[in-house]
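Dear colleague,

I am passing on to you the structure we spoke about, and below it I have set down what was found in it. Please read the notes with the sequence and the structure open beside them.

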Amino acid sequence: MRTLLQSLNLKYPIFAAPMAGVSTPELAAAVSNAGGLGALGLGANTAEAAKKTIQTTQQLTDKPFQVNFFCHQPEAYDDVQAQAWINYLRPQFEEFEATPPASLNKIYQSFVENDDLLNVVLETKPAAVSFHFGLPTASQMDALKQAGIITMVSVTQLSEAIAAQKAGIDVLIAQGVEAGGHRGTFNPQCDAGLTTLDLVILLTQYVDLPIVAAGGLMTGDDIKLYMELGASAGQLGTAFVQCAESAANEAYRTALFEQPVTQITDSISGRPARGL
(Lines give C-alpha, C1' and ligand atoms only; values in the text may rest on other atoms or scores of the structure.)
Protein backbone atom coordinates (compact mmCIF):
# COMPACT_ATOMS: atom_id res chain seq x y z
CA MET A 1 0.00 0.00 0.00
CA ARG A 2 1.40 3.40 -0.97
CA THR A 3 2.11 5.85 1.80
CA LEU A 4 0.89 9.43 1.71
CA LEU A 5 4.41 10.68 0.97
CA GLN A 6 4.66 8.28 -1.97
CA SER A 7 1.24 9.30 -3.30
CA LEU A 8 2.26 12.98 -3.25
CA ASN A 9 5.89 12.33 -4.21
CA LEU A 10 7.24 14.14 -1.13
CA LYS A 11 10.64 13.82 0.50
CA TYR A 12 9.54 15.08 3.92
CA PRO A 13 6.25 14.77 5.88
CA ILE A 14 5.90 18.56 6.05
CA PHE A 15 2.85 20.39 4.73
CA ALA A 16 2.64 24.18 4.61
CA ALA A 17 -0.78 25.36 5.73
CA PRO A 18 -2.73 27.13 2.94
CA MET A 19 -2.97 30.48 4.69
CA ALA A 20 -5.25 32.85 2.77
CA GLY A 21 -3.65 36.29 2.69
CA VAL A 22 -0.24 34.96 3.74
CA SER A 23 0.63 32.20 1.27
CA THR A 24 2.23 33.19 -2.02
CA PRO A 25 3.43 31.31 -5.10
CA GLU A 26 6.98 31.97 -3.92
CA LEU A 27 6.35 30.45 -0.47
CA ALA A 28 4.49 27.45 -1.88
CA ALA A 29 7.28 26.80 -4.37
CA ALA A 30 9.99 27.16 -1.74
CA VAL A 31 8.37 24.53 0.50
CA SER A 32 7.74 22.17 -2.43
CA ASN A 33 11.22 22.59 -3.84
CA ALA A 34 12.64 21.74 -0.42
CA GLY A 35 10.76 18.43 -0.36
CA GLY A 36 7.56 19.31 1.49
CA LEU A 37 4.08 20.16 0.22
CA GLY A 38 3.66 23.84 -0.52
CA ALA A 39 0.23 25.42 -0.35
CA LEU A 40 -1.88 28.21 -1.80
CA GLY A 41 -4.77 29.66 0.22
CA LEU A 42 -7.25 30.63 -2.50
CA GLY A 43 -10.39 31.03 -0.40
CA ALA A 44 -10.77 34.72 -1.21
CA ASN A 45 -9.74 34.46 -4.87
CA THR A 46 -11.87 34.76 -7.97
CA ALA A 47 -11.51 31.98 -10.51
CA GLU A 48 -9.31 34.21 -12.68
CA ALA A 49 -7.03 35.15 -9.78
CA ALA A 50 -6.83 31.54 -8.58
CA LYS A 51 -5.79 30.35 -12.04
CA LYS A 52 -3.09 33.00 -12.32
CA THR A 53 -1.73 32.18 -8.86
CA ILE A 54 -1.59 28.44 -9.58
CA GLN A 55 0.11 28.98 -12.94
CA THR A 56 2.66 31.31 -11.37
CA THR A 57 3.47 28.64 -8.78
CA GLN A 58 3.83 26.02 -11.51
CA GLN A 59 6.40 28.25 -13.17
CA LEU A 60 8.40 28.31 -9.92
CA THR A 61 8.30 24.59 -9.15
CA ASP A 62 7.67 21.30 -10.90
CA LYS A 63 7.03 19.66 -7.52
CA PRO A 64 3.58 18.93 -6.05
CA PHE A 65 1.65 21.51 -4.02
CA GLN A 66 -1.88 21.87 -2.70
CA VAL A 67 -4.50 24.52 -3.39
CA ASN A 68 -7.16 25.34 -0.81
CA PHE A 69 -10.75 26.57 -1.11
CA PHE A 70 -13.60 27.26 1.30
CA CYS A 71 -16.65 24.99 1.33
CA HIS A 72 -18.90 26.88 3.73
CA GLN A 73 -22.65 26.79 3.19
CA PRO A 74 -23.46 29.72 0.87
CA GLU A 75 -25.60 32.60 2.07
CA ALA A 76 -27.67 34.86 -0.16
CA TYR A 77 -26.67 38.51 -0.36
CA ASP A 78 -28.98 40.59 1.83
CA ASP A 79 -29.24 44.18 0.60
CA VAL A 80 -30.87 45.42 3.80
CA GLN A 81 -28.29 43.78 6.03
CA ALA A 82 -25.42 45.01 3.85
CA GLN A 83 -26.69 48.57 3.96
CA ALA A 84 -27.03 48.35 7.74
CA TRP A 85 -23.34 47.42 7.98
CA ILE A 86 -22.33 50.27 5.70
CA ASN A 87 -24.32 52.72 7.82
CA TYR A 88 -22.86 51.29 11.01
CA LEU A 89 -19.30 51.77 9.74
CA ARG A 90 -19.91 55.16 8.14
CA PRO A 91 -18.46 57.10 11.12
CA GLN A 92 -15.19 55.19 10.82
CA PHE A 93 -14.91 56.10 7.14
CA GLU A 94 -15.71 59.74 7.93
CA GLU A 95 -13.01 59.79 10.61
CA PHE A 96 -10.44 59.16 7.91
CA GLU A 97 -12.17 61.38 5.35
CA ALA A 98 -13.00 58.35 3.23
CA THR A 99 -16.16 57.46 1.35
CA PRO A 100 -17.89 54.21 2.36
CA PRO A 101 -18.77 51.77 -0.42
CA ALA A 102 -22.21 51.85 -1.99
CA SER A 103 -22.50 48.05 -1.66
CA LEU A 104 -20.55 45.12 -0.21
CA ASN A 105 -18.70 42.46 -2.15
CA LYS A 106 -19.01 38.77 -1.35
CA ILE A 107 -15.33 38.19 -0.64
CA TYR A 108 -15.45 34.51 0.25
CA GLN A 109 -17.28 32.51 -2.39
CA SER A 110 -17.91 28.90 -1.49
CA PHE A 111 -16.43 26.23 -3.76
CA VAL A 112 -19.78 24.41 -3.66
CA GLU A 113 -21.55 27.32 -5.41
CA ASN A 114 -18.85 28.15 -7.94
CA ASP A 115 -17.94 25.53 -10.53
CA ASP A 116 -15.63 28.10 -12.13
CA LEU A 117 -13.22 27.33 -9.27
CA LEU A 118 -13.62 23.60 -9.94
CA ASN A 119 -12.85 24.15 -13.62
CA VAL A 120 -9.67 26.05 -12.69
CA VAL A 121 -8.49 23.09 -10.63
CA LEU A 122 -9.35 20.63 -13.41
CA GLU A 123 -7.52 22.78 -15.97
CA THR A 124 -4.36 23.47 -13.96
CA LYS A 125 -4.26 20.05 -12.22
CA PRO A 126 -2.34 20.72 -9.00
CA ALA A 127 -1.31 17.57 -7.14
CA ALA A 128 -3.83 18.12 -4.37
CA VAL A 129 -6.80 20.28 -3.48
CA SER A 130 -7.90 20.84 0.11
CA PHE A 131 -11.10 22.20 1.57
CA HIS A 132 -11.98 24.19 4.69
CA PHE A 133 -15.36 24.61 6.45
CA GLY A 134 -16.95 21.64 4.71
CA LEU A 135 -17.03 19.32 1.71
CA PRO A 136 -17.47 19.83 -2.03
CA THR A 137 -20.57 18.46 -3.77
CA ALA A 138 -20.73 14.85 -4.95
CA SER A 139 -20.42 15.88 -8.60
CA GLN A 140 -17.39 18.04 -7.81
CA MET A 141 -15.78 15.13 -5.96
CA ASP A 142 -16.41 12.84 -8.94
CA ALA A 143 -14.73 15.31 -11.29
CA LEU A 144 -11.69 15.66 -9.04
CA LYS A 145 -11.41 11.87 -8.69
CA GLN A 146 -11.57 11.39 -12.46
CA ALA A 147 -8.81 13.99 -12.87
CA GLY A 148 -6.57 12.08 -10.45
CA ILE A 149 -6.28 15.02 -8.03
CA ILE A 150 -5.80 14.09 -4.37
CA THR A 151 -8.52 15.56 -2.15
CA MET A 152 -8.02 16.69 1.46
CA VAL A 153 -10.23 18.42 4.02
CA SER A 154 -9.76 20.05 7.42
CA VAL A 155 -11.70 18.27 10.17
CA THR A 156 -11.99 19.27 13.82
CA GLN A 157 -14.04 16.37 15.20
CA LEU A 158 -14.96 12.76 14.51
CA SER A 159 -18.35 13.44 12.88
CA GLU A 160 -16.67 15.61 10.24
CA ALA A 161 -14.02 12.97 9.59
CA ILE A 162 -16.65 10.27 9.08
CA ALA A 163 -18.59 12.53 6.70
CA ALA A 164 -15.38 13.20 4.76
CA GLN A 165 -14.60 9.49 4.50
CA LYS A 166 -18.10 8.76 3.23
CA ALA A 167 -17.74 11.53 0.64
CA GLY A 168 -14.59 9.91 -0.75
CA ILE A 169 -11.99 12.37 0.55
CA ASP A 170 -8.45 10.95 0.35
CA VAL A 171 -6.70 12.70 3.27
CA LEU A 172 -7.83 14.26 6.56
CA ILE A 173 -6.20 17.40 7.96
CA ALA A 174 -6.77 16.96 11.70
CA GLN A 175 -7.00 20.58 12.84
CA GLY A 176 -6.70 20.94 16.59
CA VAL A 177 -7.91 23.93 18.56
CA GLU A 178 -4.32 25.26 18.79
CA ALA A 179 -4.27 26.04 15.07
CA GLY A 180 -3.92 29.65 13.94
CA GLY A 181 -6.37 31.17 11.50
CA HIS A 182 -9.94 29.97 11.07
CA ARG A 183 -11.37 26.91 12.75
CA GLY A 184 -12.30 24.45 10.03
CA THR A 185 -15.56 23.36 11.61
CA PHE A 186 -18.31 22.42 9.15
CA ASN A 187 -20.86 24.03 11.49
CA PRO A 188 -19.38 26.88 13.56
CA GLN A 189 -22.02 26.30 16.24
CA CYS A 190 -20.78 22.73 16.77
CA ASP A 191 -17.09 22.99 17.67
CA ALA A 192 -15.78 20.21 19.91
CA GLY A 193 -12.63 22.24 20.68
CA LEU A 194 -10.40 19.16 20.60
CA THR A 195 -6.64 19.59 20.87
CA THR A 196 -4.50 18.31 18.02
CA LEU A 197 -3.24 15.50 20.24
CA ASP A 198 -6.72 14.29 21.21
CA LEU A 199 -8.04 14.66 17.67
CA VAL A 200 -5.24 12.65 16.05
CA ILE A 201 -5.59 9.86 18.62
CA LEU A 202 -9.36 9.80 18.12
CA LEU A 203 -9.25 9.74 14.33
CA THR A 204 -6.67 6.96 14.14
CA GLN A 205 -9.08 4.73 16.06
CA TYR A 206 -12.18 5.30 13.94
CA VAL A 207 -11.18 6.48 10.47
CA ASP A 208 -9.24 4.56 7.85
CA LEU A 209 -7.64 7.48 6.00
CA PRO A 210 -4.20 9.14 6.09
CA ILE A 211 -4.16 11.85 8.76
CA VAL A 212 -2.14 15.07 8.72
CA ALA A 213 -1.77 16.69 12.14
CA ALA A 214 -2.34 20.46 12.19
CA GLY A 215 -2.43 22.96 15.04
CA GLY A 216 0.45 24.06 17.23
CA LEU A 217 3.19 22.20 15.34
CA MET A 218 6.38 24.27 15.07
CA THR A 219 9.33 21.85 15.07
CA GLY A 220 10.55 18.57 13.67
CA ASP A 221 10.04 16.99 17.09
CA ASP A 222 6.39 18.04 16.97
CA ILE A 223 5.94 16.32 13.62
CA LYS A 224 7.75 13.20 14.89
CA LEU A 225 5.46 13.03 17.95
CA TYR A 226 2.29 13.04 15.88
CA MET A 227 3.66 10.54 13.39
CA GLU A 228 4.39 8.20 16.30
CA LEU A 229 0.71 8.58 17.22
CA GLY A 230 -0.41 7.55 13.74
CA ALA A 231 -0.34 10.70 11.63
CA SER A 232 1.25 10.52 8.19
CA ALA A 233 2.57 14.10 8.20
CA GLY A 234 2.34 17.46 9.94
CA GLN A 235 0.90 20.72 8.63
CA LEU A 236 2.47 23.97 9.84
CA GLY A 237 1.20 27.49 9.26
CA THR A 238 2.59 29.95 11.79
CA ALA A 239 6.02 28.37 11.42
CA PHE A 240 6.13 29.67 7.83
CA VAL A 241 4.69 33.15 8.40
CA GLN A 242 8.11 34.69 9.08
CA CYS A 243 9.60 33.35 5.84
CA ALA A 244 10.76 36.01 3.40
CA GLU A 245 8.40 34.59 0.78
CA SER A 246 5.25 35.01 2.89
CA ALA A 247 2.88 37.92 2.30
CA ALA A 248 2.66 38.81 6.00
CA ASN A 249 3.33 42.51 6.61
CA GLU A 250 5.94 43.78 9.04
CA ALA A 251 3.42 44.81 11.71
CA TYR A 252 1.97 41.30 11.76
CA ARG A 253 5.40 39.66 11.81
CA THR A 254 6.43 41.82 14.77
CA ALA A 255 3.20 41.20 16.67
CA LEU A 256 3.58 37.47 16.17
CA PHE A 257 6.80 37.54 18.19
CA GLU A 258 5.72 40.11 20.76
CA GLN A 259 2.20 38.95 21.66
CA PRO A 260 2.34 36.57 24.64
CA VAL A 261 -1.10 35.05 23.97
CA THR A 262 -3.57 34.39 21.17
CA GLN A 263 -7.27 33.70 21.41
CA ILE A 264 -10.18 32.46 19.34
CA THR A 265 -12.66 35.12 18.30
CA ASP A 266 -15.48 35.48 15.80
CA SER A 267 -14.81 39.22 15.46
CA ILE A 268 -12.53 38.77 12.44
CA SER A 269 -15.02 37.27 10.00
CA GLY A 270 -18.01 35.98 11.94
CA ARG A 271 -16.55 32.47 12.17
CA PRO A 272 -14.22 31.36 14.98
CA ALA A 273 -10.57 32.13 14.26
CA ARG A 274 -7.42 32.30 16.35
CA GLY A 275 -5.89 35.75 16.22
CA LEU A 276 -3.52 38.09 17.99
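A search of the whole structure, which is a predicted model, finds 5 aromatic pairs. In one of them the rings of Phe 69 and Phe 111 have centres 5.2 Å apart and planes at 40°, so the pair counts as tilted. Phe 69 belongs to strand β3 (residues 65-70), while Phe 111 sits in the loop between α4 (79-95) and α5 (115-124), so this pair ties together parts that are 42 residues apart in sequence. Phe 69 and Phe 111 are both buried. Another of the pairs is formed by Phe 70 and Phe 133, whose ring centres lie 5.0 Å apart with the planes at 55°, so this pair is tilted as well. Here Phe 70 is again a residue of β3, and Phe 133 is found in the loop between β4 (128-132) and α6 (138-146), so the parts that the pair ties together are 63 residues apart in sequence. Both Phe 70 and Phe 133 are buried. Phe 69 and Phe 111 also belong, together with Phe 131, to one aromatic cluster.

Since β3 supplies a ring to each of these two pairs, the strand itself deserves a closer look. How many of the residues of β3 are buried? The strand is mostly covered, with 6 of its 6 residues buried. In a regular strand the side chains alternate between the two faces of the sheet. In β3 both faces are covered, with Phe 65, Val 67 and Phe 69 buried on one side and Gln 66, Asn 68 and Phe 70 buried on the other.

The neighbours of β3 can be followed in the same way. Strand β2 (residues 38-41) runs parallel to β3 and is joined to it by 4 bridges, and Ala 39 stands opposite Gln 66 of β3. Together with helix α3 (residues 47-60), the strands β2 and β3 make a right-handed β-α-β unit. β3 is also joined to β4, by 5 bridges and again in parallel, with Ser 130 of β4 as the bridge partner of Asn 68.

One residue of helix α5 can be described in some detail, namely Thr 124. Thr 124 has a relative accessible area of 10%, which is under the 20% limit, and therefore counts as buried. A polar atom of its side chain lies 2.7 Å from the backbone oxygen of Val 120. Leaving aside residues up to four places away in sequence, Thr 124 touches Lys 51, Ile 54, Gln 55 and Gln 58.

Two further helices, α7 and α8, can be taken together. In α7 (residues 158-167) the buried residues are Glu 160, Ala 161 and Ala 164. These residues cover an arc of only 100° around the axis, which puts them on the same side of α7. They pack against β5 (150-155), β6 (171-175) and α8 (196-206). Just after α7, Gly 168 takes a positive phi of about 95°.

In α8 the buried residues are Thr 196, Leu 199, Val 200 and Leu 203. Seen down the axis of α8, they fall within an arc of 95°, so they line one face of the helix. What do these buried residues of α8 pack against? Their partners are β5, α7, β6, β8 (211-214) and α9 (220-228). The face of α8 that is turned away from the buried side carries Gln 205 and Tyr 206, which are exposed.

The last part of these notes concerns strand β9 (residues 233-236), in which Ala 233 and Gln 235 point one way and Gly 234 and Leu 236 the other, and all of them are buried. Strand β1 (residues 14-16) runs parallel to β9 and is joined to it by 3 bridges, with Phe 15 standing opposite Gln 235. β8 likewise pairs with β9 in the parallel sense, over 3 bridges, and there Ala 214 stands opposite Gln 235. The strands β8 and β9, with α9, make a right-handed β-α-β unit.

With kind regards

Methods
Residues numbered from 1 in each chain as written. Predicted model: local features only at pLDDT ≥ 70, side-chain atom pairs only at ≥ 80, totals over all residues. Heavy atoms only, no water. Buried < 20%, exposed > 50% of the residue type's maximum accessible area, 1.4 Å probe, protein only. Arc of directions from axis to C-beta. Contact = heavy atoms within 4.5 Å. Phe/Tyr/Trp six-rings, centres within 6.5 Å; stacked < 30°, edge-to-face > 60°. Pairing = 2+ DSSP bridges. Right-handed = clockwise from strand over helix to strand, strands pointing away. Polar contact = N/O pair within 3.5 Å; in protein donor to acceptor, adjacent residues only side chain to side chain.
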